[in-house]
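The report below describes a protein fold for a reader at the bench, moving from strand pairing to an annotated site, the nonpolar core and the domains. Please keep the sequence and the model in view while reading.

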Amino acid sequence: MTTTPADMDVRRITDAELPAWMRAAKTGFLRPPTVTDADVAARRTAHVGSRTYGAFDAGSCVATFRSFPQELTAVGGTPVPADAISNVAVLPTHRRRGILTRLMSEDLTAAKDRGDVVATLIAAEYRIYGRYGFGPATSAAEWTIDVPRTGLDPHWPGPEDGGRIDFVDLEEIRKTGPELHERLRRGQPGAVSRTDVWWETDTGVLRAYGEWSEAFYVAYRSADGELQGLVSYKADDHWGDAKQPLNTATVEWLIATTPAAERALWRYLCSIDWVVRVKSGARSPDDLLPYFLPDPRAASITTQTDWLWVRILDVVRALEARTYGGTGALVLEVADRAGFTGGRFLLEAGPDGASCTPTGRGADLTLDVATLASLWLGDESAPRLAALGRLGEERAGAALEADALLRTPRRPWCPDMF
Ligand SMILES: CC(=O)SCCNC(=O)CCNC(=O)[C@H](O)C(C)(C)COP(=O)(O)OP(=O)(O)OC[C@H]1O[C@@H](n2cnc3c(N)ncnc32)[C@H](O)[C@@H]1OP(=O)(O)O
(Lines give C-alpha, C1' and ligand atoms only; values in the text may rest on other atoms or scores of the structure.)
Protein backbone atom coordinates (compact mmCIF):
# COMPACT_ATOMS: atom_id res chain seq x y z
CA MET A 1 0.00 0.00 0.00
CA THR A 2 1.29 3.48 -0.89
CA THR A 3 2.22 5.48 2.19
CA THR A 4 1.25 9.15 2.54
CA PRO A 5 3.33 11.88 4.23
CA ALA A 6 1.01 11.57 7.22
CA ASP A 7 2.21 7.96 7.71
CA MET A 8 5.86 8.97 7.41
CA ASP A 9 8.39 10.19 9.85
CA VAL A 10 9.39 13.72 8.72
CA ARG A 11 12.04 15.26 10.99
CA ARG A 12 15.63 16.35 11.51
CA ILE A 13 17.98 13.43 10.90
CA THR A 14 20.34 11.90 13.46
CA ASP A 15 24.07 11.66 12.85
CA ALA A 16 23.78 7.91 12.23
CA GLU A 17 21.26 8.58 9.44
CA LEU A 18 23.62 10.84 7.44
CA PRO A 19 24.91 8.08 5.07
CA ALA A 20 21.34 7.02 4.15
CA TRP A 21 20.34 10.68 3.78
CA MET A 22 23.28 11.32 1.43
CA ARG A 23 22.41 8.26 -0.62
CA ALA A 24 18.82 9.48 -0.99
CA ALA A 25 19.99 12.99 -1.94
CA LYS A 26 22.34 11.62 -4.61
CA THR A 27 19.64 9.32 -5.97
CA GLY A 28 17.15 12.21 -6.18
CA PHE A 29 19.73 14.27 -8.10
CA LEU A 30 20.40 11.30 -10.46
CA ARG A 31 24.02 11.01 -9.32
CA PRO A 32 25.77 7.68 -8.65
CA PRO A 33 24.44 6.84 -5.18
CA THR A 34 27.71 5.48 -3.73
CA VAL A 35 28.62 7.14 -0.44
CA THR A 36 32.04 6.52 1.11
CA ASP A 37 33.16 7.06 4.72
CA ALA A 38 35.24 10.01 3.49
CA ASP A 39 32.18 11.57 1.83
CA VAL A 40 30.23 11.21 5.07
CA ALA A 41 33.01 12.74 7.15
CA ALA A 42 33.25 15.71 4.77
CA ARG A 43 29.49 16.19 4.66
CA ARG A 44 29.26 16.04 8.43
CA THR A 45 31.61 19.03 8.63
CA ALA A 46 29.77 20.83 5.82
CA HIS A 47 26.46 20.39 7.62
CA VAL A 48 27.58 21.97 10.89
CA GLY A 49 25.07 24.74 11.61
CA SER A 50 22.63 23.38 9.03
CA ARG A 51 19.14 22.10 9.64
CA THR A 52 19.07 18.73 7.92
CA TYR A 53 15.66 17.10 7.44
CA GLY A 54 14.66 13.72 6.09
CA ALA A 55 11.44 11.82 5.44
CA PHE A 56 11.47 8.16 6.43
CA ASP A 57 9.15 5.43 5.14
CA ALA A 58 9.31 2.26 7.24
CA GLY A 59 12.73 3.40 8.47
CA SER A 60 14.28 4.17 5.10
CA CYS A 61 15.20 7.69 4.00
CA VAL A 62 13.05 8.71 1.01
CA ALA A 63 13.45 12.49 0.96
CA THR A 64 16.06 15.10 1.88
CA PHE A 65 15.95 18.83 2.67
CA ARG A 66 18.50 21.14 4.24
CA SER A 67 18.49 24.77 5.26
CA PHE A 68 21.18 26.97 6.75
CA PRO A 69 21.62 30.56 7.95
CA GLN A 70 22.55 33.08 5.27
CA GLU A 71 22.53 36.83 4.70
CA LEU A 72 21.04 38.34 1.55
CA THR A 73 21.97 41.88 0.53
CA ALA A 74 18.94 44.12 0.00
CA VAL A 75 18.92 47.14 -2.33
CA GLY A 76 21.07 49.79 -0.63
CA GLY A 77 23.40 47.26 1.00
CA THR A 78 21.62 46.15 4.19
CA PRO A 79 22.00 42.39 4.77
CA VAL A 80 18.82 40.60 5.86
CA PRO A 81 18.73 37.21 7.63
CA ALA A 82 17.75 34.46 5.21
CA ASP A 83 16.81 30.80 5.48
CA ALA A 84 18.81 29.25 2.62
CA ILE A 85 17.31 26.01 1.28
CA SER A 86 19.29 23.31 -0.53
CA ASN A 87 19.58 19.56 -1.15
CA VAL A 88 15.85 19.12 -1.77
CA ALA A 89 15.09 15.67 -3.16
CA VAL A 90 12.27 13.14 -3.00
CA LEU A 91 12.96 9.65 -4.33
CA PRO A 92 11.16 8.89 -7.62
CA THR A 93 9.39 6.04 -5.79
CA HIS A 94 7.78 8.57 -3.41
CA ARG A 95 7.13 11.65 -5.56
CA ARG A 96 3.87 13.61 -5.77
CA ARG A 97 2.52 12.51 -2.42
CA GLY A 98 3.08 15.87 -0.75
CA ILE A 99 6.43 15.11 0.92
CA LEU A 100 8.15 18.28 -0.32
CA THR A 101 5.10 20.29 0.74
CA ARG A 102 5.39 18.93 4.26
CA LEU A 103 9.16 19.49 4.50
CA MET A 104 8.82 23.04 3.15
CA SER A 105 6.01 23.90 5.51
CA GLU A 106 8.04 22.74 8.55
CA ASP A 107 11.15 24.63 7.46
CA LEU A 108 9.40 27.90 6.55
CA THR A 109 7.41 27.86 9.80
CA ALA A 110 10.66 27.46 11.76
CA ALA A 111 12.30 30.25 9.72
CA LYS A 112 9.39 32.61 10.40
CA ASP A 113 9.51 31.79 14.13
CA ARG A 114 13.27 32.46 14.17
CA GLY A 115 12.76 35.89 12.62
CA ASP A 116 14.29 35.30 9.19
CA VAL A 117 13.11 38.00 6.77
CA VAL A 118 13.28 35.79 3.66
CA ALA A 119 13.96 32.24 2.51
CA THR A 120 16.19 31.72 -0.54
CA LEU A 121 17.01 28.95 -3.00
CA ILE A 122 18.21 28.22 -6.53
CA ALA A 123 15.45 26.24 -8.23
CA ALA A 124 16.22 23.07 -10.20
CA GLU A 125 12.99 23.55 -12.16
CA TYR A 126 10.87 26.67 -12.61
CA ARG A 127 7.55 25.16 -11.58
CA ILE A 128 8.48 23.71 -8.19
CA TYR A 129 8.58 26.64 -5.74
CA GLY A 130 6.06 29.33 -6.79
CA ARG A 131 3.32 27.46 -4.91
CA TYR A 132 5.24 28.02 -1.66
CA GLY A 133 5.42 31.81 -2.18
CA PHE A 134 8.86 31.95 -3.81
CA GLY A 135 9.38 34.30 -6.76
CA PRO A 136 12.37 34.60 -9.11
CA ALA A 137 14.27 37.64 -7.78
CA THR A 138 17.52 37.65 -9.77
CA SER A 139 18.49 36.17 -13.10
CA ALA A 140 21.73 35.08 -14.68
CA ALA A 141 23.31 35.07 -18.10
CA GLU A 142 26.27 33.10 -19.36
CA TRP A 143 28.34 34.42 -22.25
CA THR A 144 30.63 32.48 -24.56
CA ILE A 145 33.39 34.66 -25.97
CA ASP A 146 34.81 33.87 -29.38
CA VAL A 147 38.28 35.23 -28.59
CA PRO A 148 39.65 35.69 -32.16
CA ARG A 149 36.53 37.77 -32.98
CA THR A 150 36.82 40.16 -30.03
CA GLY A 151 39.11 42.63 -31.80
CA LEU A 152 41.41 42.63 -28.76
CA ASP A 153 45.12 43.12 -29.43
CA PRO A 154 46.75 39.67 -29.12
CA HIS A 155 50.01 41.29 -27.96
CA TRP A 156 48.48 42.48 -24.66
CA PRO A 157 51.17 42.10 -21.99
CA GLY A 158 49.05 43.07 -18.95
CA PRO A 159 46.88 45.90 -17.51
CA GLU A 160 47.51 49.40 -18.89
CA ASP A 161 46.24 51.08 -15.72
CA GLY A 162 49.26 50.34 -13.53
CA GLY A 163 47.51 47.39 -11.88
CA ARG A 164 48.87 43.86 -12.02
CA ILE A 165 47.65 40.31 -12.49
CA ASP A 166 49.18 37.34 -10.71
CA PHE A 167 48.47 33.70 -10.01
CA VAL A 168 47.43 32.99 -6.43
CA ASP A 169 47.85 29.72 -4.55
CA LEU A 170 45.18 27.93 -2.55
CA GLU A 171 46.40 29.18 0.80
CA GLU A 172 46.32 32.78 -0.44
CA ILE A 173 42.79 32.32 -1.85
CA ARG A 174 41.55 31.01 1.48
CA LYS A 175 43.08 34.09 3.14
CA THR A 176 42.10 36.86 0.70
CA GLY A 177 39.01 35.44 -1.00
CA PRO A 178 36.58 35.75 1.92
CA GLU A 179 37.53 39.37 2.59
CA LEU A 180 37.15 40.38 -1.07
CA HIS A 181 33.83 38.56 -1.32
CA GLU A 182 32.57 40.33 1.82
CA ARG A 183 33.39 43.70 0.21
CA LEU A 184 31.59 42.68 -2.97
CA ARG A 185 28.46 41.26 -1.43
CA ARG A 186 27.88 44.21 0.92
CA GLY A 187 27.49 46.46 -2.12
CA GLN A 188 25.75 43.99 -4.41
CA PRO A 189 21.97 43.61 -4.06
CA GLY A 190 21.05 39.94 -4.47
CA ALA A 191 24.42 38.62 -3.26
CA VAL A 192 24.50 36.12 -0.40
CA SER A 193 27.05 35.40 2.31
CA ARG A 194 29.60 32.63 1.73
CA THR A 195 30.42 30.30 4.59
CA ASP A 196 33.90 29.07 5.52
CA VAL A 197 32.70 25.71 4.22
CA TRP A 198 32.15 27.31 0.79
CA TRP A 199 35.80 28.38 0.61
CA GLU A 200 37.06 25.07 2.00
CA THR A 201 35.02 23.19 -0.60
CA ASP A 202 36.14 25.47 -3.42
CA THR A 203 39.81 25.05 -2.52
CA GLY A 204 39.65 21.29 -1.90
CA VAL A 205 40.12 21.27 1.88
CA LEU A 206 36.65 19.79 2.22
CA ARG A 207 35.56 17.30 -0.44
CA ALA A 208 31.92 16.97 0.50
CA TYR A 209 30.58 16.98 -3.03
CA GLY A 210 32.62 14.22 -4.68
CA GLU A 211 35.45 14.88 -7.12
CA TRP A 212 37.52 18.05 -6.78
CA SER A 213 40.17 19.35 -9.14
CA GLU A 214 42.25 22.45 -8.59
CA ALA A 215 41.27 25.53 -10.61
CA PHE A 216 43.60 28.33 -11.72
CA TYR A 217 43.21 31.32 -9.41
CA VAL A 218 44.28 34.77 -10.57
CA ALA A 219 44.16 38.12 -8.74
CA TYR A 220 43.99 41.71 -9.96
CA ARG A 221 45.59 44.39 -7.78
CA SER A 222 45.21 48.10 -8.54
CA ALA A 223 48.21 50.43 -9.01
CA ASP A 224 48.26 51.13 -5.27
CA GLY A 225 48.34 47.42 -4.45
CA GLU A 226 44.73 46.90 -3.37
CA LEU A 227 43.22 43.49 -4.17
CA GLN A 228 40.14 44.28 -6.28
CA GLY A 229 39.36 41.11 -8.19
CA LEU A 230 39.77 37.35 -8.23
CA VAL A 231 38.92 34.78 -10.86
CA SER A 232 38.84 31.00 -10.67
CA TYR A 233 38.86 29.19 -14.02
CA LYS A 234 39.54 25.80 -15.59
CA ALA A 235 40.52 24.87 -19.12
CA ASP A 236 39.89 21.87 -21.35
CA ASP A 237 42.46 20.21 -23.60
CA HIS A 238 41.10 20.46 -27.12
CA TRP A 239 43.26 20.48 -30.26
CA GLY A 240 42.30 20.74 -33.93
CA ASP A 241 43.25 18.14 -36.55
CA ALA A 242 46.16 20.27 -37.77
CA LYS A 243 47.44 20.60 -34.22
CA GLN A 244 45.90 24.03 -33.56
CA PRO A 245 45.14 24.67 -29.89
CA LEU A 246 41.37 25.21 -29.52
CA ASN A 247 41.03 25.38 -25.77
CA THR A 248 38.06 26.72 -23.81
CA ALA A 249 38.60 28.48 -20.48
CA THR A 250 35.56 28.21 -18.22
CA VAL A 251 35.14 30.67 -15.39
CA GLU A 252 34.11 29.02 -12.13
CA TRP A 253 33.63 32.38 -10.44
CA LEU A 254 34.84 35.92 -10.90
CA ILE A 255 34.39 38.58 -8.25
CA ALA A 256 35.51 42.18 -8.61
CA THR A 257 34.88 45.29 -6.56
CA THR A 258 35.70 47.80 -9.34
CA PRO A 259 35.04 47.99 -13.10
CA ALA A 260 38.84 48.27 -13.59
CA ALA A 261 39.29 44.85 -11.97
CA GLU A 262 36.47 43.34 -14.06
CA ARG A 263 37.95 44.76 -17.25
CA ALA A 264 41.46 43.52 -16.44
CA LEU A 265 40.35 40.00 -15.51
CA TRP A 266 38.19 39.51 -18.62
CA ARG A 267 41.03 40.97 -20.71
CA TYR A 268 43.42 38.51 -19.06
CA LEU A 269 41.13 35.53 -19.77
CA CYS A 270 40.97 36.55 -23.45
CA SER A 271 44.76 36.74 -23.66
CA ILE A 272 45.74 33.24 -22.51
CA ASP A 273 47.70 31.42 -25.21
CA TRP A 274 45.82 28.41 -26.67
CA VAL A 275 42.43 29.73 -25.43
CA VAL A 276 40.00 30.50 -28.26
CA ARG A 277 36.78 30.46 -26.21
CA VAL A 278 35.96 31.81 -22.79
CA LYS A 279 32.80 30.72 -21.01
CA SER A 280 31.85 33.34 -18.47
CA GLY A 281 29.91 31.27 -15.92
CA ALA A 282 26.68 32.71 -14.49
CA ARG A 283 26.82 36.53 -14.47
CA SER A 284 24.33 39.32 -13.99
CA PRO A 285 22.23 39.80 -17.14
CA ASP A 286 23.50 43.41 -17.37
CA ASP A 287 27.14 42.48 -16.79
CA LEU A 288 29.63 44.86 -18.41
CA LEU A 289 31.51 41.96 -20.02
CA PRO A 290 30.46 42.32 -23.69
CA TYR A 291 31.27 46.04 -23.68
CA PHE A 292 34.83 45.45 -22.54
CA LEU A 293 35.39 43.95 -25.99
CA PRO A 294 35.94 46.09 -29.13
CA ASP A 295 33.36 43.82 -30.78
CA PRO A 296 30.67 43.03 -28.16
CA ARG A 297 29.06 40.54 -30.57
CA ALA A 298 32.03 38.25 -29.99
CA ALA A 299 30.33 37.48 -26.66
CA SER A 300 27.06 35.66 -27.21
CA ILE A 301 24.60 34.77 -24.48
CA THR A 302 24.52 30.98 -24.33
CA THR A 303 22.38 30.65 -21.18
CA GLN A 304 19.81 32.99 -19.71
CA THR A 305 17.76 31.89 -16.73
CA ASP A 306 16.11 32.76 -13.44
CA TRP A 307 18.60 32.37 -10.59
CA LEU A 308 17.93 33.29 -6.95
CA TRP A 309 14.35 32.68 -5.77
CA VAL A 310 13.15 34.56 -2.71
CA ARG A 311 10.25 33.87 -0.33
CA ILE A 312 9.42 36.95 1.72
CA LEU A 313 8.51 35.93 5.26
CA ASP A 314 8.15 39.44 6.68
CA VAL A 315 6.87 42.14 4.30
CA VAL A 316 7.44 45.00 6.74
CA ARG A 317 11.07 44.18 7.50
CA ALA A 318 11.84 43.32 3.88
CA LEU A 319 10.50 46.64 2.56
CA GLU A 320 12.06 48.67 5.37
CA ALA A 321 15.48 47.03 4.81
CA ARG A 322 15.96 48.50 1.33
CA THR A 323 16.42 51.94 -0.20
CA TYR A 324 14.30 53.37 -3.03
CA GLY A 325 14.80 55.22 -6.31
CA GLY A 326 12.74 58.24 -5.29
CA THR A 327 10.18 59.51 -2.82
CA GLY A 328 6.60 58.25 -2.82
CA ALA A 329 3.85 56.32 -1.07
CA LEU A 330 2.02 53.20 -2.16
CA VAL A 331 -0.55 50.93 -0.58
CA LEU A 332 0.24 47.29 -1.36
CA GLU A 333 -2.24 44.47 -0.77
CA VAL A 334 -0.08 41.36 -0.47
CA ALA A 335 -1.70 37.92 -0.61
CA ASP A 336 0.09 35.07 1.17
CA ARG A 337 -1.77 31.77 1.01
CA ALA A 338 0.44 30.23 3.69
CA GLY A 339 -0.40 33.06 6.11
CA PHE A 340 3.16 34.06 7.04
CA THR A 341 3.05 37.72 6.09
CA GLY A 342 0.07 38.85 3.96
CA GLY A 343 -1.91 42.03 4.50
CA ARG A 344 -2.34 45.61 3.33
CA PHE A 345 0.65 47.87 3.87
CA LEU A 346 1.41 51.56 3.41
CA LEU A 347 4.92 51.93 2.02
CA GLU A 348 6.34 55.43 2.43
CA ALA A 349 9.66 55.36 0.64
CA GLY A 350 12.59 57.65 0.01
CA PRO A 351 16.18 57.36 -1.17
CA ASP A 352 17.39 56.77 2.40
CA GLY A 353 14.86 54.12 3.38
CA ALA A 354 11.23 53.56 4.10
CA SER A 355 8.53 52.89 6.61
CA CYS A 356 6.04 50.14 5.99
CA THR A 357 2.96 49.89 8.19
CA PRO A 358 -0.31 47.94 8.11
CA THR A 359 -3.08 50.21 6.84
CA GLY A 360 -6.81 50.38 6.22
CA ARG A 361 -6.41 52.69 3.20
CA GLY A 362 -7.53 51.47 -0.23
CA ALA A 363 -4.95 49.44 -2.12
CA ASP A 364 -2.99 50.96 -5.05
CA LEU A 365 -1.58 47.59 -6.09
CA THR A 366 -2.60 44.01 -5.35
CA LEU A 367 -0.10 41.21 -5.70
CA ASP A 368 0.95 37.80 -4.44
CA VAL A 369 3.91 37.49 -2.06
CA ALA A 370 5.86 35.69 -4.83
CA THR A 371 5.37 38.66 -7.17
CA LEU A 372 6.56 41.02 -4.44
CA ALA A 373 9.79 38.95 -4.28
CA SER A 374 10.40 39.63 -7.99
CA LEU A 375 10.02 43.38 -7.35
CA TRP A 376 11.83 43.55 -4.01
CA LEU A 377 15.42 43.23 -5.27
CA GLY A 378 14.70 45.68 -8.08
CA ASP A 379 14.87 43.22 -10.97
CA GLU A 380 11.36 43.22 -12.40
CA SER A 381 9.31 45.96 -14.00
CA ALA A 382 5.98 46.62 -12.26
CA PRO A 383 4.22 47.62 -15.53
CA ARG A 384 5.46 44.37 -17.09
CA LEU A 385 3.99 42.36 -14.22
CA ALA A 386 0.76 44.34 -14.56
CA ALA A 387 0.64 43.49 -18.27
CA LEU A 388 1.06 39.83 -17.36
CA GLY A 389 -1.83 40.07 -14.89
CA ARG A 390 0.39 39.30 -11.88
CA LEU A 391 0.04 42.77 -10.44
CA GLY A 392 -3.38 44.37 -10.07
CA GLU A 393 -3.32 48.13 -10.63
CA GLU A 394 -6.18 49.51 -8.49
CA ARG A 395 -5.20 53.17 -9.04
CA ALA A 396 -4.17 54.34 -12.52
CA GLY A 397 -0.45 55.08 -12.69
CA ALA A 398 0.44 53.11 -9.54
CA ALA A 399 2.49 50.51 -11.44
CA LEU A 400 4.68 53.22 -12.99
CA GLU A 401 5.13 54.83 -9.57
CA ALA A 402 6.10 51.44 -8.12
CA ASP A 403 8.62 51.00 -10.89
CA ALA A 404 10.25 54.36 -10.17
CA LEU A 405 10.55 53.46 -6.48
CA LEU A 406 11.49 49.78 -6.61
CA ARG A 407 13.47 49.11 -9.79
CA THR A 408 17.23 49.60 -9.63
CA PRO A 409 19.59 51.17 -12.21
CA ARG A 410 21.72 47.99 -12.26
CA ARG A 411 20.10 44.57 -12.00
CA PRO A 412 20.57 42.54 -8.81
CA TRP A 413 22.96 39.61 -9.00
CA CYS A 414 23.62 36.53 -6.91
CA PRO A 415 27.10 35.23 -7.80
CA ASP A 416 26.56 31.98 -5.90
CA MET A 417 24.94 28.61 -6.43
CA PHE A 418 24.07 26.83 -3.18
C1 LIG B 1 16.64 24.09 -3.78
C2 LIG B 1 16.83 22.73 -4.44
O3 LIG B 1 17.41 21.86 -3.85
S4 LIG B 1 16.26 22.50 -6.02
C5 LIG B 1 16.27 20.73 -6.27
C6 LIG B 1 14.89 20.13 -6.30
N7 LIG B 1 15.04 18.71 -6.50
C8 LIG B 1 14.87 18.10 -7.71
O9 LIG B 1 14.52 18.72 -8.70
C10 LIG B 1 15.22 16.63 -7.75
C11 LIG B 1 14.16 15.80 -8.53
N12 LIG B 1 12.80 16.08 -8.08
C13 LIG B 1 12.36 15.75 -6.84
O14 LIG B 1 13.10 15.27 -5.99
C15 LIG B 1 10.90 15.98 -6.50
O16 LIG B 1 10.14 15.82 -7.64
C17 LIG B 1 10.59 17.38 -5.89
C18 LIG B 1 11.44 17.58 -4.64
C19 LIG B 1 10.91 18.50 -6.89
C20 LIG B 1 9.09 17.48 -5.55
O21 LIG B 1 8.81 16.59 -4.49
P22 LIG B 1 7.35 15.95 -4.30
O23 LIG B 1 7.33 15.33 -2.93
O24 LIG B 1 6.99 15.15 -5.46
O25 LIG B 1 6.45 17.27 -4.26
P26 LIG B 1 4.97 17.34 -3.68
O27 LIG B 1 4.30 16.02 -3.82
O28 LIG B 1 5.00 17.94 -2.31
O29 LIG B 1 4.36 18.37 -4.73
C30 LIG B 1 3.58 19.48 -4.40
C31 LIG B 1 3.01 20.06 -5.67
O32 LIG B 1 4.07 20.53 -6.50
C33 LIG B 1 3.97 19.96 -7.80
N34 LIG B 1 5.34 19.70 -8.25
C35 LIG B 1 6.32 19.11 -7.55
N36 LIG B 1 7.44 19.04 -8.30
C37 LIG B 1 7.13 19.57 -9.50
C38 LIG B 1 7.88 19.76 -10.70
N39 LIG B 1 9.16 19.36 -10.80
N40 LIG B 1 7.26 20.34 -11.75
C41 LIG B 1 5.95 20.73 -11.66
N42 LIG B 1 5.20 20.58 -10.53
C43 LIG B 1 5.80 19.99 -9.47
C44 LIG B 1 3.19 18.69 -7.58
O45 LIG B 1 2.56 18.26 -8.76
C46 LIG B 1 2.21 19.09 -6.51
O47 LIG B 1 1.16 19.83 -7.10
P48 LIG B 1 -0.34 19.75 -6.56
O49 LIG B 1 -0.29 20.21 -5.14
O50 LIG B 1 -1.09 20.66 -7.47
O51 LIG B 1 -0.73 18.30 -6.67
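Strands E3 and E4 pair in the antiparallel sense over 10 bridges, where strands, labelled E and at least two residues long, and helices, H or I and at least four residues long, are DSSP runs numbered from the N terminus, and two strands count as paired if DSSP finds at least two bridges between them. This is a predicted model, in which local features need pLDDT of at least 70 and side-chain atom pairs count only at pLDDT 80 or more, while totals for chains, interfaces and linings use all residues. Residues are numbered from 1 along each chain as its sequence is written.

Within the pairing of E3 with E4, Thr64 has Ala89 of E4 as its bridge partner. The hairpin of these two strands has 5 residues between them, and Gly76 takes a positive phi near 100 degrees there. Strand E3 (residues 60-73) is also joined to E2 (residues 51-57), antiparallel, by 7 bridges, and Ala55 stands opposite Ala63 in E3. Because 11 of its 14 residues are buried, E3 is largely enclosed by the rest of the structure; buried means that 20 or more other C-beta atoms lie within 10 Å of the residue's own, exposed means 12 or fewer, and partly exposed lies in between, with C-beta atoms placed from the backbone.

The UniProt entry, which is unreviewed, places a "binding site" feature at residues including Ala89, Val90, Gly98 and Ile99; UniProt positions follow the numbering used here, feature names are shortened, and such annotations may be inferred rather than shown by experiment. Gly98 is found in the loop between strand E4 (79-90) and helix H3 (99-114), and it counts as partly exposed because it has 14 C-beta neighbours inside 10 Å. Ile99, by contrast, lies in helix H3 and counts as buried, because it has 23 such neighbours inside 10 Å. Leaving aside neighbours within four places in sequence, Ile99 is in contact (C-beta atoms, placed from the backbone, within 7 Å) with Pro5, Ala55, Ala63, Val90 and His94.

The largest nonpolar core, a set of buried Ala, Val, Leu, Ile, Met, Phe, Trp, Tyr and Cys residues joined through C-beta atoms within 7 Å, has 112 residues, of which Val118, Val310 and Ile312 touch the most other members. The largest share of this core, 7 residues, comes from E4.

Elsewhere, 7 strands form an open sheet of mixed pairing in the order E8-E9-E10-E11-E12-E7-E13. Strands E8 (164-167) and E13 (299-306) stand at its edges, each with a single partner strand, so one side of each is left without a neighbour in the sheet. The twist averages 25 degrees from one strand to the next, and two helices that pack on the sheet are set out below. Their axes are lines fitted to C-alpha atoms, for helices over the stretch in contact, with angles running from 0 to 180 degrees between N-to-C directions.

| Helix | Strands touched | Angle with E10 |
|---|---|---|
| H4 (residues 170-186) | E9, E10 and E11 | about 115 degrees |
| H6 (residues 259-269) | E8, E9, E10, E11 and E12 | about 25 degrees |

At the level of the whole protein, an automatic or database domain assignment supplies the bounds, and the division is into domain 1 (5-116), domain 2 (140-306) and domain 3 (313-406). The centres of domain 2 and domain 3, taken over C-alpha atoms, are separated by 36 Å.

How values were computed:
Contact = placed C-beta atoms within 7 Å.
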